[in-house]
Amino acid sequence: MMARLLGATKPVVLMIGIMMATAAAQAACPIELAVYGDSQSGSEIDFTPTGTSAVVTNSFRLILDNDVVLNGIVMWTTDVARPNGALMYKCPEGDVTGEELAACTLWNGVIYTSDDKGTVGLLPAEGVEAPKTLILPELGPVLRQSRARGGGGFSKVPSDVFAMKGCQE
């Protein structure tokens, strides 16, 4: 009888071990490999390693429906230290003027984070553990009015809040 009970607990112990390993892997995810999702639209934010940029501290993509991808960067401001993010759509390649860059930028603003306790912070630079939640103020309303929406563009407007979904390998 005891052997049968112990044999029945093995799958449970194995499942708990797998769940703990998954939680530990997600908890140890650096921001440059984090993936976030918006439950309202199904949109995702995927961070990628920035490389050797002297100014850009984070690189990411906002993936919307209908295969629309907005390229994002974060640069910390120097006067008041804040992570200023920008999302761009169909920017020209190579050397661009400030006017061309402004024309293809759909959203910019400070990117905030939140933990499980609701403590609000600022998006960290690469090499730091990914926060649980991202907050991009006014993202939804700005994208609702953008040229990337409608027609051949995206149709589902994301909210301003994205929750961590996982970590890229």
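A residue is called buried when its relative accessible area is under 20%, and in this predicted model S59, at 14% relative accessibility, therefore counts as buried. S59 is placed in strand β3, and its side chain is joined to that of T50 by a polar contact of 3.1 Å. When residues up to four places away in sequence are set aside, S59 touches D46, F47, T48, T50, G72 and E126.

One of these partners, D46, lies in strand β2, which covers residues 44–48. D46 has a relative accessible area of 10% and is thus buried. With residues up to four places away in sequence again left out, the contacts of D46 include S59, F60, R61 and I63, together with A34, V35 and Q168.

The aromatic residues of this region were examined next. Two aromatic pairs are counted in the model. In one of them, Y36 and F47 meet edge-to-face, with 6.0 Å from centre to centre and 75° between the planes. Because Y36 belongs to strand β1 (residues 34–37) and F47 to strand β2, this pair ties together parts that are eleven residues apart in sequence. Both Y36 and F47 are buried. The rings of F47 and F60 have centres 5.3 Å apart and planes at 40°, so this pair is classed as tilted. As F47 lies in strand β2 and F60 in strand β3, the pair of F47 and F60 ties together parts that are 13 residues apart in sequence. The relative accessible area of F47 is 2%, which makes F47 buried, and F60, at 3% relative accessibility, also counts as buried. Y36, F47 and F60 form one aromatic cluster.

Covalent links within the chain were considered as well. A disulfide is a covalent bond between the sulfur atoms of two cysteines. The model contains two disulfides. One of them joins C29 to C167, with a distance of 2.2 Å from S to S, and the link of C29 and C167 is right-handed, with 80° about the S-S bond. This pair connects distant parts of the chain, since C29 is in the loop between α1 (2–27) and β1, whereas C167 is in strand β10 (residues 161–167), 138 residues apart. C29 counts as buried at 1% relative accessibility, whereas C167, with a relative accessible area of 31%, is partly exposed.

The other disulfide joins C91 to C104, with an S to S distance of 1.8 Å, and the link of C91 and C104 is likewise right-handed, with 85° about the S-S bond. Here C91 is found in the loop between β5 and α2 and C104 in helix α2, 13 residues apart. C91 is partly exposed at 26% relative accessibility, while C104, at 2%, counts as buried. If the bonded cysteines of the chain are numbered in sequence order, the pairing is 1-4, 2-3.

Finally, the backbone angle phi was considered at two loop residues. D67, which is not a glycine, has a positive phi near 60°, and D67 is found in the loop between β3 (56–63) and β4 (69–76). The relative accessible area of D67 is 74%, so D67 is exposed. K90 is also a residue other than glycine with a positive phi, here of about 55°, and K90 is placed in the loop between β5 (83–88) and α2 (98–104). With a relative accessible area of 65%, K90 is exposed.

Key: Residues are numbered from 1 along each chain as its sequence is written. This is a predicted model: local features need pLDDT of at least 70, side-chain atom pairs count only at pLDDT 80 or more; totals for chains, interfaces and linings use all residues. Side-chain values use heavy atoms; hydrogens and water are left out. Helices (H or I, at least four residues) and strands (E, at least two) are DSSP runs, numbered from the N terminus. Buried means under 20% relative accessible area, exposed over 50%, partly exposed in between (1.4 Å probe, protein chains only). Contact means heavy atoms within 4.5 Å. Rings of Phe, Tyr and Trp (its six-membered ring) pair if their centres lie within 6.5 Å; planes under 30 degrees apart count as stacked, over 60 as edge-to-face and the rest as tilted. A polar contact is a pair of N or O atoms within 3.5 Å; within protein, one must be able to donate a hydrogen and the other to accept it, and residues adjacent in sequence count only if both atoms are side-chain atoms. A disulfide is a pair of cysteine sulfur atoms within 2.5 Å.
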